[in-house]
Protein chains: 2
Amino acid sequence: LNYQFFDIYDINQANIQLDRGYLFGDGFYTTGIINNGVFEHQILHQNRLIASAAKLQFGSFDSKSLFDFIQQNINSVKHACIRITVSRAQSKRGYAFLDEEECNVCIQLSNLTNVATNYCELFFANTPISINPFLAGTKHLNRLDNVFAAKEIKNSSQECLMCIDELVICGSKTNLFINLDGTWLTPSLNKAGIEGITRQRVIGLMQEQNIKIEIRDINKIEVNQCDAAFVTNSLIGIWPVSKIENKPLATEMTDNLKCLLNFER
Amino acid sequence: LNYQFFDIYDINQANIQLDRGYLFGDGFYTTGIINNGVFEHQILHQNRLIASAAKLQFGSFDSKSLFDFIQQNINSVKHACIRITVSRAQSKRGYAFLDEEECNVCIQLSNLTNVATNYCELFFANTPISINPFLAGTKHLNRLDNVFAAKEIKNSSQECLMCIDELVICGSKTNLFINLDGTWLTPSLNKAGIEGITRQRVIGLMQEQNIKIEIRDINKIEVNQCDAAFVTNSLIGIWPVSKIENKPLATEMTDNLKCLLNFER
């Protein structure tokens with residue numbers, strides 16, 4: 001099995017096999033949290049990896065043996081961030097891959113950085129998001145657009161919004177929800193962006209509680225007009241937005257929603 | 001210096017440092033040919049790497065020391081394909097990078113595969129090309145769209161054309177030139193695609209010879225109506241197109257152009 005496990009202290013001195021993950025970004029990943037030996041929402045991360053493997057035609061990916069391997073390694077881990085990267089091995093030159101190609105798996109633990117998560121200030125990134133209807137939604141390894149959007153974030157803000165012209169898709173490391181005229185909306189991700197696990201959980205919980213949630217195209221004007229907003233990811237959960245560009249936003253509506261959904265990260 | 005050199009026989013057993021190249025596709029590359037110890041069109045490859053480093057903000061990239069290192073290693077190489085990959089090291093978690101981050105360089109030699117290069121049959125790929133005006137033109141490591149387009153190529157064709165809806169941008173591993181009503185055209189690459197070294201050379205040689213060449217948007221209808229076409233890359237040079245979808249094309253116009261330009265790979 002081509003599994004490599006890197007503990008917190010290994011992160012800067014780790015070696016991996018030279019493969020198509022490095023050469024072309026040919027692979028996928030997920031990022032979550034370990035708490036007292038438990039992988040938070042493990043089944044959702046496992047399902048995401050299975051769906052990504054199917055999408056990117058990783059025929060040899062075996063999620064069961066992978067998660068058995070992970071469990072053996074995290075039993076004694078108190079609190080850490082875990083990233084699981086699955087990449088395609090390389091046995092011939094060129095872009096096209098062989099159907100039977102093996103996969104490499106790289107599991108990295110790292111310390112959780114302390115981010116102030118009670119509120120988040122947003123701005124519109126200049127870096128455009130990469131558009132590809134085939135790849136949209138999948139957490140694959142082609143993330144240069146996120147890299148350069150995240151690089152735009154200075155000390156005065158915590159996150160930026162990535163757009164296709166006037167269409168708002170997501171944050172650099174989060175998904176977006178806004179409340180407009182009493183209705184919660186979140187951008188559709190059929191052209192670009194990543195379908196986050198927390199996004200999926202929030203949508204599911206809202207539907208269970210009969211709270212209306214629309215998944216549709218959202219433009220900058222609507223984002224500027226919204227009455228409340230929050231962004232989500234697996235490390236922070238629901239992150240209330242207190243400002244978009246120069247417009248302050250109250251976070252009560254988000255705090256109430258979190259209560260109503262009985263939401264914990 | 002973080003240089004790693006892999007000879008032809010190492011290709012399947014090479015190890016590299018786990019870095020942002022693998023994690024996010026945060027890096028760039030070039031692919032060329034070594035002939036009797038000489039790197040063909042080395043200065044163009046070197047300039048491409050310098051331009052990519054500037055674009056992707058690799059402040060610590062030093063092309064002079066890299067090419068000195070390469071020359072020492074290729075003196076006795078008869079005939080090989082060379083790929084040079086430059087990726088960003090990782091010293092903290094997350095998408096954003098540090099300005100002073102080091103770079104890793106991976107140099108791989110491989111055997112040149114024998115492809116029939118006297119003609120090429122093309123079709124329109126179903127896989128959409130990734131659109132990003134900021135990244136367009138650069139040979140960066142986010143190449144999943146090329147991977148899945150190349151995977152569509154079956155034995156009956158040698159290359160496919162990647163499109164944005166009706167707009168034709170390039171081949172999966174080549175740039176495109178067509179002749180329409182007596183004028184040579186090549187697609188502009190301001191939304192997607194890679195500015196190939198051979199494309200650049202061909203455009204330059206045509207301009208020197210006062211042969212009209214237009215760089216502009218080209219749609220599928222124009223490609224279907226063209227009188228001649230060729231595709232280009234560093235490994236093959238000028239590759240005459242003998243068929244697009246079901247329409248046969250004569251290759252004489254391309255053969256004549258090659259003669260006129262005194263073009264050698």
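These are legends for close-up views of a predicted model.

**View 1. A:N175, a buried asparagine in strand β10.** Here we're looking at A:N175, which sits in strand β10 (residues 175-180) of chain A. With a relative accessible area of 5%, A:N175 is buried. A polar atom of its side chain comes to 3.0 Å from the backbone nitrogen of A:G196. Beyond the neighbours within four places in sequence, A:N175 also touches a run of other residues: A:C170, A:L189, A:I194, A:E195, A:G196, A:R199, A:F230, A:V231 and A:T232. So A:G196 turns up twice in this view, as a contact of A:N175 and, because the cut-off for a polar contact is 3.5 Å, as a residue whose backbone nitrogen is well worth picking out at 3.0 Å.

**View 2. Helix α2 of chain A and what its buried residues pack against.** Helix α2 covers residues 42-55 of chain A, 14 residues in total. From first C-alpha to last, α2(A) reaches 20 Å, close to the 20 Å expected at 1.5 Å a residue. Its buried residues are A:L44, A:H45, A:Q46, A:R48, A:L49, A:S52 and A:A53. An α-helix has 3.6 residues a turn, so residues three or four places apart point the same way. As for partners in chain A, the buried residues of α2(A) pack against three strands, β3 (27-35), β4 (38-39) and β5 (79-88), and against the helices α3 (63-74) and α5 (197-208). After α2(A) comes A:Q57, with a positive phi near 60°.

**View 3. B:Q57, a positive phi between two helices.** Over in chain B, B:Q57 lies in the loop between α2 (42-55) and α3 (63-74). B:Q57 isn't a glycine, yet its phi is positive, at about 60°. Its relative accessible area of 37% makes B:Q57 partly exposed.

**View 4. B:N262, a positive phi after α7.** B:N262 belongs to the segment after α7 (252-260) of chain B. This is another residue other than glycine with a positive phi, here near 55°. B:N262 counts as exposed, at 65% relative accessibility.

**View 5. Chains A and B together.** To lay chain A on chain B, take a rotation of 180° with 0.0 Å of shift along its axis; the RMSD is 0.0 Å. The two copies are therefore related as by a two-fold rotation axis. Both copies use the same surface, and 100% of the contact residues of chain A recur in chain B.

Technical notes:
Residues numbered from 1 in each chain as written. Chains lettered and ligands numbered in written order. Predicted model: local features only at pLDDT ≥ 70, side-chain atom pairs only at ≥ 80, totals over all residues. Heavy atoms only, no water. Helix = DSSP H or I, 4+ residues; strand = E, 2+ residues; numbered from the N terminus. Buried < 20%, exposed > 50% of the residue type's maximum accessible area, 1.4 Å probe, protein only. Polar contact = N/O pair within 3.5 Å; in protein donor to acceptor, adjacent residues only side chain to side chain. Contact = heavy atoms within 4.5 Å. Expected span 1.5 Å × (residues − 1). Least-squares fit on C-alpha atoms with pLDDT ≥ 70 in both.
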